[in-house]
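This briefing goes through one protein chain by topic, from backbone geometry to the core. Please keep the sequence and the 3D view open while reading.

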Amino acid sequence: MDERPTPIVGFRCWVLELGKPVLKSMAMRFEWPAGEIAEATCMYSPHDPPRHQAPDEGCRCGLHARTTPQGCGEEYPYYPVHGYWAYRSAPTSGLMAMGAVLMWGVTLRGRRVIRAQYARVLCLTEKPDLWAPRSGSNDPSRVSAENVARRQQTLDEICALYAVPMIPFASVARYASEFGDLTEGGSELAA
Ligand SMILES: [Zn+2]
């Protein structure tokens, strides 16, 4: 466990609600606040209030991010289609956004995943070949043109409301590194 003075950079996805400028956590019922600091509280505890500060070594709680932008793609192979919601037959709610976050306070860092006490959104990013065909039931190329356009409009509104830029995928790690330390991504940047 670290109490580091220098914030660290992570990369993550959010669920979008088309037409509503809000970034929602993937797994938990949590909306990332626009232009403010997100603070973790344990949402796994059977106790109310929780008996530990989030994140905790023995729990899964905390604000989550991956150590690299590529890690987001590994976690969600059908990105930007969110398989869970597609499975629940709600395709218009089943699209995602991706971005970089700054994390600090109590931080627990694994090789692939970071969990933190505090975080804020630094920027959104967009992968190349976003809508390219992929085999399987959540093929992004099957998303309707209308929902592609509505997703873009929602992302534009999020960037305005959260006051963050849209950064190309190829330069998102470099952009985020202006704000804090990269973990694994640092070696890739230097190469
Ligand atoms: Zn917990």
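Pro80 sits in the loop that joins helix 1 (69-75) to helix 2 (83-87). The peptide bond leading into Pro80 from Tyr79 is cis, with omega near 10°. The model is a predicted one, and the points below are grouped by topic.

**Backbone exceptions**

- Most peptide bonds are trans, and most residues other than glycine have a negative phi.
- A cis peptide bond also runs from Ala54 to Pro55, where omega is near 0°.
- Pro55 belongs to the loop between strand 5 and strand 6.
- Asp129, which is not a glycine, has a positive phi near 55°.
- The loop between strand 8 and helix 3 holds Asp129.
- Asp129 counts as exposed because its C-beta has 9 neighbours inside 10 Å, and the limit for exposed is 12 or fewer.
- Ala163 is another residue other than glycine with a positive phi, again near 55°.
- Ala163 comes just after helix 3, in the loop that leads from helix 3 to strand 9.
- With 10 other C-beta atoms within 10 Å, Ala163 is exposed.

**Overall make-up**

- The protein chain contains five helices and nine strands.
- Along the sequence these elements follow the order β-β-β-β-β-β-α-α-β-β-α-β-α-α.
- The protein chain has 191 residues, of which 36% count as buried.
- Among contacts with a separation of 6 or more, 65% are between residues 24 or more positions apart.

**Helix 3**

- Helix 3 covers residues 145-162, which is 18 residues.
- From first C-alpha to last, helix 3 reaches 26 Å, close to the 26 Å expected at 1.5 Å a residue.
- Which residues of helix 3 are buried? They are Arg151, Thr154, Leu155, Ile158 and Tyr162.
- These buried residues lie on the same side of helix 3, because they cover an arc of only 105° around the axis.
- An α-helix has 3.6 residues a turn, so residues three or four places apart point the same way.
- On the other side of helix 3, the exposed residues are Ala145, Glu146, Ala149, Gln152 and Ala160.
- What covers the buried residues of helix 3? The cover includes strand 2 (8-17), strand 3 (20-24), strand 7 (95-109), strand 8 (113-126) and strand 9 (166-168).
- Asp156 is also part of helix 3.
- Asp156 is partly exposed because 13 other C-beta atoms lie within 10 Å, a count between the limits of 12 or fewer for exposed and 20 or more for buried.
- The C-alpha atom of Asp156 is 8.5 Å from that of Met166, and the two residues are 10 residues apart along the chain.

**Strand 6 and its partner**

- In a regular strand the side chains alternate between the two faces of the sheet.
- Strand 6 (residues 63-66) has Leu63 and Ala65 on one side, with His64 and Arg66 on the other.
- All of these residues are buried, and both faces of strand 6 are covered.
- Strand 6 pairs with strand 8 in the antiparallel sense, over four bridges.
- Leu63 has Ala116 as its bridge partner in strand 8.

**The loop at Ala34**

- Ala34 is a residue of the loop between strand 4 (31-32) and strand 5 (38-39).
- Ala34 counts as partly exposed, with 15 C-beta neighbours inside 10 Å.
- Beyond its neighbours within four places in sequence, Ala34 is in contact with Leu161 and Tyr162.
- Ala34 and Leu23 are 11 residues apart along the chain, with 8.4 Å between their C-alpha atoms.

**Nonpolar core**

- The largest nonpolar core has 42 residues, and Met96, Ala97, Val101 and Met103 touch the most other members.
- At least two residues of this core come from each of strand 2, strand 6, strand 7, strand 8, helix 3 and helix 4 (172-176).
- Which element gives the most to this core? Strand 7 does, with nine residues.
- Leaving aside neighbours within four places in sequence, Ala97 is in contact with Cys13, Trp14, Leu16, Leu23, Leu124, Leu155 and Ile158.
- Leu155 and Ile158 are among the buried residues of helix 3.

Conventions. Residues are numbered from 1 along each chain as its sequence is written. This is a predicted model: local features need pLDDT of at least 70, side-chain atom pairs count only at pLDDT 80 or more; totals for chains, interfaces and linings use all residues. The expected span of a helix is 1.5 Å times one less than its number of residues. The arc is that of the directions from the helix axis to the C-beta atoms. Two residues are in contact if their C-beta atoms, placed from the backbone, lie within 7 Å. Two strands pair if DSSP finds at least two bridges between them. A nonpolar core is a set of buried Ala, Val, Leu, Ile, Met, Phe, Trp, Tyr and Cys residues joined through C-beta atoms within 7 Å.
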